[in-house]
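Here are my notes, as promised, on the model you sent over. They go through it sheet by sheet and end at the ligand.

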Amino acid sequence: IGAAARVSGIVREFQKKCDSPIGKLHNVADSMAVEMRVGLASEGGSMLKMLISYVDNLPTGEEEGLFYALDLGGTNFRVLRVHLGGKGKGLIKTEFDEVSIPPHCMTSSSHELFDFIAAELARFVATEGENSHPFPGRQRELGFTFSFPVRQTSISSGTLIKWTKGFSIEDAVGEDVVGELNKAMERVGLHMRVTALVNDTIGTLAGGRYYNPDVVAAVILGTGMNAAYVERANAIPKWQGPLPRSGDMVINMEWGNFRSSDLPLTEYDNDLDVASLNPGEQIFEKMISGMYLGEILRRVLLKIAEEAEFFGDSVPEKLKIPFILRTPHMSAMHHDTSSDLKDVASKLRDILEINNTSLTTRKVVVELCDTIATRGARLSAAGIYGILKKLGRDTRKDGEYQKSVIALDGGLFKHYEKFRQSMESTLKELLGEEASDSVVITHSNDGSGIGAALLAASHSQYL
Ligand code: ADP
Ligand code: MG
C-alpha cells in the first residue's frame, strides 16, 4: 500500500484508541469518585493521595493588610505583593513579577533551587514603594504556593512526597519545603515568615472563594494538572485531629496520578511514560496537561514520518528531539483558521525545520491536534464530574440542585480555546441539561498566587 494509505491507517488507529465515548467517561468519573473515597479512608490506600491541606477556612473577604505570595508551579515562578483592603474593600492592589525557572535548577540540588527563589523574592521585596510597606514593627508574611505533592504537617509546613512535571531534585524529597525556603531566605538575608503553605489548586480555590461563596472546587490545567475541593471533615476517616469548627477541610486530590482501565491509552502514551522522569506515575496528567500534549503530538508525527514517509523520504531530524514541540505550538496550529493553514506551515518550518508541506499534510497535523486535545479535554471533564458526583452535587438535594462553581486556572485552560470549549461542553453532556444549569466554571485568574496571599492573611501571626 502507498504512503498516504499507511499514514491514514496509523492516524485512524490512533484516533480509535483515543476515543472517549460518553459511557467510558461515566466510568472514569465513577472510578474517580470511588478512588476519592478510598484515598480519604486511609493514608496510602489509593493512587489518589487526597492530601489534607489543613485549610479549614476559606477567605471571607475580610482579610486585610499587605501580604506576599510566591508561586512555584512548574514552568514559571511568580512573586506577588497583595494589598488587601478588608471587609467590603476587596483587593486594593496586586503587584507581581514572573521569572522562568532556569532548567538546571529543576534537577540540581535543593540548595540551588531555593537559593534562586529566595534571591528573586528578595529582589522583589526591595521594590516596595511608599505605600506598600507592612505595618511598622511587623514581619512580612508570605503564602507559599508549591505545586508538587506535599504531605502537610500544619498549615505552614509540609514534606515533599515526590517531584512531578520534569523536576527531579533527590535531596529535597522528604524535606520540609518551608524549612528549605526559610534557610535560603536566611542565606540571602531576607526576613519573612511563611504563614501558609499551599499548592496551586488550594490557592485557586481560596482565590475563587474570595469572590464567590459558591466555589466548591478548583482545577488547574497548566504544565501539570490537579484538583482540590472542600470536603466535610467528618467524611475523612483518615483525619486524626479534632474536627475543625467550620466542619470543612480542603483536600488536595493530586489527581494527576489517577489511572483506570477506562482511560483511552495508546502506545504513544506508554512510550512517553517509559521515557519520562517518573515512569508509571501521573498517568492522567500525562494524557491531559500542557507539559505533555505537544509531546504526544510529536510522537505520533514521528511515527508516521518513520513508517509512512509523512514528511517525505527522510525523517526530519528535529522531530526526533523529545519535547521540542510544545503545547502552545500545538495550540497555535490547532487554531489556524487560514484556508491554506499557513500557521501550521510556519510552525512546522520554524520548530521542526520541515519545509514545503502540502495542504493535505497540514490538515492531518490539525486533525491530530484535535484528537489529542479533545481526549484530554473530555477526560478532564470526567474528572470534574467525578468530584461533583462524590459531593452529591450532580443530583437534586431536597428537590433542588445546589449551585456549584468550579474555579479553573492554568496556562492550558487560559490559552487553549478549543480545549476549554471541549471540556465545558463535555461536562454539560455528562451532567445532563438540568444539572448543568447549576454548575458553573469560572476562570480564577492568578488565583493560585492571590489565594496564597489570602491564606497567608487569614493565618497571620498577628490575628
Ligand atoms: P504552571 O503550570 O507551570 O504554573 P501555567 O499555569 O502558566 O504554569 O501553565 C503553563 C503551561 O500552559 C505551559 O506549560 C503550556 O503547556 C501551557 N500553555 C501556555 N500557553 C499556551 C497556549 N498558548 N496554548 C496552549 N497551552 C499553553
Ligand atoms: Mg501555576
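1. A word on terms before the details: two strands pair if DSSP finds at least two bridges between them. Helices (H or I, at least four residues) and strands (E, at least two) are DSSP runs, numbered from the N terminus. With that in hand, L51 stands opposite N252 in β11. This is one end of a short antiparallel pairing, in which β1 and β11 (residues 248-252) share two bridges.

2. Please keep in mind that this is a predicted model, where local features need pLDDT of at least 70 and side-chain atom pairs count only at pLDDT 80 or more, while totals for chains, interfaces and linings use all residues. Residues are numbered from 1 along each chain as its sequence is written, and chains are lettered from A and ligands numbered from 1 in the order in which they are written. As for confidence, pLDDT (the predictor's confidence in each residue, from 0 to 100) averages 95 over the chain, with 100% of residues at 70 or more. The scores are ipTM 0.99 and pTM 0.95.

3. Now to the sheet that holds β1. It is open, has six strands in the order β1-β11-β10-β9-β12-β13, and its pairing is mixed. At the edges are β1 (51-52) and β13 (439-443), each pairing on one side only. Helix α12 (residues 359-390) packs on this sheet and touches β9 (215-221), β10 (225-232), β12 (404-409) and β13, with a direction about 10° from that of β10. Contact here means that the C-beta atoms of two residues, placed from the backbone, lie within 7 Å. Axes are lines fitted to C-alpha atoms, for helices over the stretch in contact, and angles run from 0 to 180 degrees between N-to-C directions.

4. The other sheet to look at is also open, with five strands in the order β4-β3-β2-β5-β8 and mixed pairing. Its edge strands are β4 (91-100) and β8 (192-198), each paired on one side only. Direction ignored, neighbouring strands of this sheet are turned by 20° against each other on average. Helix α4 (residues 110-125) packs on the sheet, touching β2 (64-72), β3 (76-85), β4 and β5, and makes about 40° with the direction of β3.

5. Which way do β3 and β4 run, and how many bridges join them? They are antiparallel and joined by nine bridges, with R78 partnered by E98 in β4. Five residues lie between the strands of this hairpin, where G86 takes a positive phi near 90°.

6. At the other edge, β5 (residues 140-146) pairs with β8 in the parallel sense over six bridges, and R140 has M192 of β8 as its bridge partner. Helix α5 (residues 177-187) lies across both strands, at about 155° to β8.

7. Finally, the ligand. Ligand 1 is surrounded by 17 residues, of which the closest are G73, G74, G222, G290 and G411; a residue is near if its C-beta atom, placed from the backbone, lies within 6 Å. At least two shell residues come from each of α9 (290-308), α10 (327-334) and α13 (411-415). By class, the shell has four nonpolar, 13 polar and no charged residues, where Ala, Val, Leu, Ile, Met, Phe, Trp, Tyr, Cys and Pro count as nonpolar, Asp, Glu, Lys and Arg as charged, and the others, Gly among them, as polar.
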